[in-house]
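Here is a guided look at one protein chain, written to be read with the structure open beside you. Keep the viewer handy and follow along from one section to the next.

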Amino acid sequence: MVSMSELTIPHVHHRHVDLDGLRVFYRETGPADAPVLLLLHGFPSASHQYARLFDALGTRYRLIAPDYPGFGYSDSPGPDAFRYRFDTLADVVERFCLALGLDRFALYVFDFGAPVGLRLATRRPEWITGLVVQNGNAYDEGLSDQAREFIANRRGVEGAAERARAILTPEITRGQYEGGTGAPTLVAPDGWTLDQHFLDLPGRKDIQVELALDYHSNVELYPAWQEWLRTRRPPTLIVWGRNDPFFTEAGARAYLRDLPDAELHVLDTGHFALEEKLPEIAPLIDDFLARTQK
């Protein structure tokens, strides 16, 4: 039996930083002098998706996870007041890092976090000490037919905005969490219901449509990101839910072309792999950071 004195549970702070009038919400935990892991969330989620990982690793590492503008608890100016593009999300994360004095950290990228994070990495390569890639695609072969249909929605294409808006429903949000899992009872409903709550706030769907119509810009940058990976060779841990309907297992294995020393773990789960497989993934991240981040 574990005694009470052996239990260590981190305090998690919930803060905002003001970036020239744009309030960005973020979660932070861990010792101030510990190695830093910056966690970038996916669609249609926010930093809350990492709450259990914070509890698991927050006594050993400094974990920081912001909400992008238009997501979670960050400010959500309308598209007439803020240009919702992946470039501008990366701009905000870069400014966020500068505001917090973050200039040396490992980067956790998932889903939307991959195009945001890899933009940041190519701009500020000296900041990145390692990568944790979890269902964050950067290779053409990682795109499923469903993903390609989504990416085909872009400005100027008839019906594209309507098709992008049609996926912002409770059924599809829930399916992103539970789809591909082996034990759906391990997936708490809190994640997808909170995501849908934010999606249903006034103006939020308009924001998501703007980003959906810009997703093709990420695919166009794949060669540049691959070149960065090949050139910089950051220590990398890849954990991937093989049943992801958007980003296939081939996309996980494609990283090994440019990062032959990367550690790859493919798990029998879906897109939001942490929801079902946190007990398997957290120790992998802990071991990786312990060996590569000093």
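## Ser217 and Thr88

In this predicted model, Ser217 counts as buried because its relative accessible area is 13%, under the 20% cut-off. Ser217 sits in helix H9, which covers residues 216-220. Setting aside neighbours up to four places away in sequence, you will find Ser217 in contact with Phe86 and Arg119. Ser217 and Pro115 are 102 residues apart along the chain, and 9.1 Å separates their C-alpha atoms.

Thr88 belongs to helix H2. With a relative accessible area of 15%, Thr88 is buried too. Beyond the residues within four places in sequence, Thr88 touches Phe82 and Arg83.

## The annotated domain

The UniProt record, an unreviewed entry, places the feature "domain: AB hydrolase-1" at residues 35-277. Over that stretch the chain is 44% helix and 14% strand. The C-alpha atoms at the two ends of the stretch lie 23 Å apart.

## Two nonpolar cores

As general background, nonpolar side chains in soluble globular proteins tend to be buried together. Here the largest nonpolar core takes in 64 residues. Leu38, Phe96, Leu102, Phe105 and Tyr255 have the most contacts inside this core. Helix H2, residues 86-100, gives the most to the core, with eight residues.

Phe96 is a good residue to click on in your viewer. Leaving out residues up to four places away in sequence, Phe96 touches Val17, Leu19, Val24, Tyr26, Leu38, Ile64, Pro66 and Leu102. Apart from the largest core lies another one, of 28 residues. Among the members of this other core are Trp192, Ala273, Leu274 and Phe288.

## Helix H8 and Gln208

Which residues of H8 are buried? They are Arg204, Ile207, Gln208, Val209, Leu211 and Ala212. The buried residues of H8 pack against H2, H4, H5 and H7.

Gln208 deserves a closer look. The helix that holds Gln208, H8, runs over residues 204-212. Gln208 has a relative accessible area of 5%, so it is classed as buried. Once residues up to four places away in sequence are set aside, the contacts of Gln208 are Phe43, Gly70, Phe71, Phe112, Leu168 and Leu199.

## The cavities

A probe the size of a water molecule, rolled over the atoms, shows where empty space is left. In this model there are three cavities of 30 Å³ or more, and the largest cavity holds about 50 Å³ of space.

Gln208 turns up again here, as part of the lining of the largest cavity. The other lining residues are Pro44, Ser45, Gly70, Phe71, Gly72, Phe198, Leu199 and Arg204. H7 and H8 each supply at least two residues of this lining. By class, the lining of the largest cavity has four nonpolar residues, four polar and one charged.

## The largest pocket

What is the volume of the largest pocket? The value is about 340 Å³. This pocket is lined by 17 residues, and Gln146, Ala147, Phe150, Ile167 and Phe246 are the closest to its centre.

Three helices each supply at least two residues of the lining of the largest pocket: H4 (145-151), H5 (160-165) and H6 (170-178). H4 provides the largest share, with five residues. Eleven residues of the lining are nonpolar, three are polar and three are charged.

## The second largest pocket

The second largest pocket contains about 240 Å³ of space. Its lining has 15 residues, and those nearest its centre are His48, Gln49, Arg52, Ala188 and Glu275.

Helices H1 (51-57), H7 (189-199) and H12 (273-292) each give at least two residues to the lining of this pocket. Sorted by class, the lining of the second largest pocket comprises nine nonpolar, three polar and three charged residues.

Conventions
Residues are numbered from 1 along each chain as its sequence is written. This is a predicted model: local features need pLDDT of at least 70, side-chain atom pairs count only at pLDDT 80 or more; totals for chains, interfaces and linings use all residues. Side-chain values use heavy atoms; hydrogens and water are left out. Helices (H or I, at least four residues) and strands (E, at least two) are DSSP runs, numbered from the N terminus. Buried means under 20% relative accessible area, exposed over 50%, partly exposed in between (1.4 Å probe, protein chains only). Contact means heavy atoms within 4.5 Å. A nonpolar core is a set of buried Ala, Val, Leu, Ile, Met, Phe, Trp, Tyr and Cys residues joined through side-chain atoms within 4.5 Å. On a 1 Å grid over the protein atoms alone, a cavity is a set of points where a 1.4 Å probe fits but cannot get out, and a pocket is an open set with protein on both sides within 12 Å along at least five of seven lines; lining residues have an atom within 4 Å of a point. Grid points are joined across faces, edges and corners, and a volume is the space filled by probe spheres set on the points. Ala, Val, Leu, Ile, Met, Phe, Trp, Tyr, Cys and Pro count as nonpolar, Asp, Glu, Lys and Arg as charged, and the others, Gly among them, as polar. UniProt positions are given in the numbering used here, feature names are shortened, and annotations may be inferred rather than shown by experiment.
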